[in-house]
Amino acid sequence: MKFAILSRNNKLYSTRRLVEAARQHGHSVRTLDPLRCYMHISSDGFAMRYKSRPISGYHVVIPRIGASVTRYGSAVLR
């Protein structure tokens, strides 16, 4: 399975452990900073980008969103 972890810092212990555990079980994992995610919503549809590259194909999204970015991080998660 392909996992995305929304976290501001991939060096945090809890984020690192999630990545290690997922990889140990054979999953593909990528840590994404929610503040670098860009959402384009229009009548034509929805598109999401991370550092100007399209995001798609994730089976699981794990939010590790801190209090400072709760509002925007929650919008990215939705």
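**Notes on the pocket, the salt bridges and one exposed serine**

1. Let's start with the pocket: the volume of the largest one is about 220 Å³. A pocket here is an open set of points on a 1 Å grid over the protein atoms alone, with protein on both sides within 12 Å along at least five of seven lines, whereas a cavity is a set where a 1.4 Å probe fits but cannot get out. Grid points are joined across faces, edges and corners, and the volume is the space filled by probe spheres set on the points.

2. Before going on, please keep in mind that this is a predicted model, where local features need pLDDT of at least 70, side-chain atom pairs count only at pLDDT 80 or more, and totals for chains, interfaces and linings use all residues. Residues are numbered from 1 along each chain as its sequence is written, and side-chain values use heavy atoms, with hydrogens and water left out.

3. Which residues lie nearest the centre of the largest pocket? They are Met-48, Ile-55, Val-61, Val-76 and Leu-77, out of 15 that line the largest pocket (lining residues have an atom within 4 Å of a point). Two or more lining residues come from each of β1 (2-7), β4 (45-50) and α2 (70-77), and α2 gives the most, with three. Helices (H or I, at least four residues) and strands (E, at least two) are DSSP runs, numbered from the N terminus.

4. By character, the lining of the largest pocket has twelve nonpolar residues, two polar and one charged. Ala, Val, Leu, Ile, Met, Phe, Trp, Tyr, Cys and Pro count as nonpolar, Asp, Glu, Lys and Arg as charged, and the others, Gly among them, as polar.

5. Now the salt bridges, of which there are two (a side-chain nitrogen of Lys or Arg within 4 Å of a carboxyl oxygen of Asp or Glu). In one, Asp-33 pairs with Arg-8, with the closest N and O atoms 2.8 Å apart. This pair links distant parts of the chain, 25 residues apart: Asp-33 sits in the loop between β2 (28-32) and β3 (37-42), and Arg-8 in the loop between β1 and α1 (13-24). Asp-33 is buried, at 12% relative accessible area, while Arg-8 is partly exposed at 44% (buried is under 20%, exposed over 50%, partly exposed in between, with a 1.4 Å probe and protein chains only).

6. Arg-17 forms a salt bridge with Glu-20, the closest N and O atoms being 2.9 Å apart. Both residues lie in helix α1, three residues apart, about one turn of the helix. Arg-17 is partly exposed at 37%, and Glu-20 is partly exposed at 41%.

7. Finally, Ser-43 lies in the loop between β3 and β4 and is exposed, with a relative accessible area of 80%. Ser-43 and Ala-21 are 22 residues apart in sequence and 39 Å apart in space, C-alpha to C-alpha.
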